[in-house]
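User: I have this structure open and want to understand how its labels are earned. Please take me through it and show me the reasoning each time.

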Amino acid sequence: MEELQYDQCESGNKLRRRCIMVAEYIDNCIRIFALLLLAELCLRIFRFGHEMLCYNNNYDLADGPKWRQMAKRCFSTNIATFIFVLLFVFGALIRFAMSKEFVLPPLKWFTYIPIYWIIVGVSLSASHLDYANFLRQPHGLDYAEGMASNYFHGYLKLILPSHTGHPGLKERIELYEAREHVQFALKRLVILIPNTMFINSKIESRILTKDGVAPLETIVKNRAGVARPFKNDVYRFTKQINGTYYYVALEGATPMLSFFEAMSYQPSTTWQMKEMKREILFKFYKHLKKLIKQWPPTEDEAELVLYNAYQQNGRPQDVGEVLLSHILNVWNEGRG
């Protein structure tokens, strides 16, 4: 009987010790996180002062008081951090309700705050993956989204839909068909996006030609005080498709060619551009497709063709064959 009571007592002591260990662990977590929050707050206050002293001219009074703009940038955070801080405060309050005392870090712990500043200052967690993750986020601040947005708003948005006094691309294709007595494979602008980003000034193919083929009607739009002509070339398939020699309004994505040239020009290139070129390619394609699809006047006016410029054996792809395969897929999907 005494042995049973002893075992029960020992078991109770073990459970009590474990509870104490868990409580101490939670208390230390709260203390450490409180210290990190204080270190981060001090760092943000320093950055706020640095902005005021060094970058005052980067803020426009038209957007409100400069100090308010600086404070918004320096003390803003993402939703995940905000939720985490709320959970921390909630946990600290629960711990206070249980122990009836605040869980505060010892004074000597405050001497370790500069270690946090050093870790942040030297970007200890930084890697090349940070550039890729930045490109993958939908914020509109990266090279790829900038090119796609400029291409859409400065070109496609002007030539694809109908405007007052100017026919849209589909109308110009229909006028071309009636005038030349031909048939287009797709009544939309086909934009080539090769993975190499390089596109010749004249698209070469065994089954496509531009020789002797007139372009679509040129339209002129006033853009920033300049009357700019917009011209779209037409190519003809030299290979019959279902007994017909089809035509297509075709061009390459000029921003990708510009990016290719920027990478080849020493004053404008960086190693980040070269290493992240595939990420930039995919982001450009996805964002441009999104812009075209989400604006009703252009959602069915352009067809993006992303493809590998080379076969697996290293030989160049025939652009015409790539385009023909894409057109057949579009027809099979009922989007012709």
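Analyst: Let's start with what a helix is here: a DSSP run of H or I at least four residues long, numbered from the N terminus. Keep in mind that you're looking at a predicted model. Just after the helix called α7, His 181 takes a positive phi of about 60°.

User: What makes that phi worth pointing out in His 181?

Analyst: His 181 has this positive phi although it is not a glycine. You'll find His 181 in the loop between α7 and β1.

User: Why is His 181 called exposed?

Analyst: Exposed means over 50% relative accessible area. His 181 has 71% relative accessibility, so it counts as exposed.

User: Which other residue has a positive phi without being a glycine, and where is it?

Analyst: Try Met 197, with a phi near 75°. Met 197 lies in the loop between β1 and β2 (208–209).

User: What makes Met 197 buried?

Analyst: The cut-off for buried is under 20%. Met 197 has 2% relative accessibility, so it counts as buried.

User: Back to α7. How do you know that its length fits a helix?

Analyst: Helix α7 runs over residues 169–180, which is twelve residues. At 1.5 Å a residue they should span 16 Å, and the end C-alpha atoms are 16 Å apart, so the two agree.

User: Why do you say the buried residues of α7 line one face?

Analyst: Those buried residues are Leu 169, Arg 172, Ile 173, Tyr 176 and Glu 177. Looking down the axis of α7, they fall within an arc of 140°, so they line one face of the helix. Here's the general idea behind that: an α-helix has 3.6 residues a turn, so residues three or four places apart point the same way.

User: What covers the buried residues of α7?

Analyst: The cover includes helix α6 (143–159), along with the strands β1 (189–194), β3 (219–223), β4 (226–230), β5 (234–237) and β6 (247–252).

User: What about α11: what length is expected, and which residues are buried?

Analyst: Helix α11 (residues 319–332) has 14 residues, and 20 Å is expected at 1.5 Å a residue. Its first and last C-alpha atoms are 20 Å apart, close to that value. The buried residues of α11 are Val 319, Gly 320, Val 322, Leu 323, Leu 324, His 326, Ile 327 and Val 330. They pack against β1, β2, β5, β6 and β7 (302–307).

User: Why is α5 called roughly parallel to α10?

Analyst: The axes of α5 (residues 129–136) and α10 (residues 277–294) cross at roughly 5° and come within 10 Å. Angles under 35 degrees count as roughly parallel, so α5 is roughly parallel to α10. Where they meet, Ala 132, Leu 135 and Arg 136 of α5 face Glu 279, Ile 280 and Lys 283 of α10 as contacts.

User: Why does Leu 291 count as buried, while Ser 149 is partly exposed?

Analyst: The dividing value is 20%. Leu 291, in helix α10, has 17% relative accessibility, so it counts as buried. Ser 149, in helix α6, has a relative accessible area of 24%, so it is partly exposed.

User: How do you know that Leu 291 and Ser 149 touch?

Analyst: Contact means heavy atoms within 4.5 Å, and Leu 291 touches Ala 148, Ser 149, Phe 152 and Thr 298, leaving out residues up to four places away in sequence. Leu 291 and Ser 149 are 142 residues apart in sequence, with their C-alpha atoms 7.7 Å apart.

User: And what makes Lys 157 partly exposed?

Analyst: Partly exposed sits between the 20% and 50% cut-offs. Lys 157 is in helix α6, and its relative accessible area is 25%, so partly exposed is the label. Beyond its neighbours within four places in sequence, Lys 157 is in contact with Phe 152, His 163 and Trp 295.

User: One last one: why is Pro 194 called buried?

Analyst: Pro 194 belongs to strand β1. Its relative accessibility is 1%, so it counts as buried. Among its contacts is Ala 309, which is 115 residues away along the chain, with 5.5 Å between the two C-alpha atoms.

Conventions
Residues numbered from 1 in each chain as written. Predicted model: local features only at pLDDT ≥ 70, side-chain atom pairs only at ≥ 80, totals over all residues. Heavy atoms only, no water. Helix = DSSP H or I, 4+ residues; strand = E, 2+ residues; numbered from the N terminus. Expected span 1.5 Å × (residues − 1). Buried < 20%, exposed > 50% of the residue type's maximum accessible area, 1.4 Å probe, protein only. Arc of directions from axis to C-beta. Axes fitted to C-alpha atoms, helices over the stretch in contact; angles between N-to-C directions. Parallel < 35°, antiparallel > 145°, perpendicular 65-115°, else oblique.
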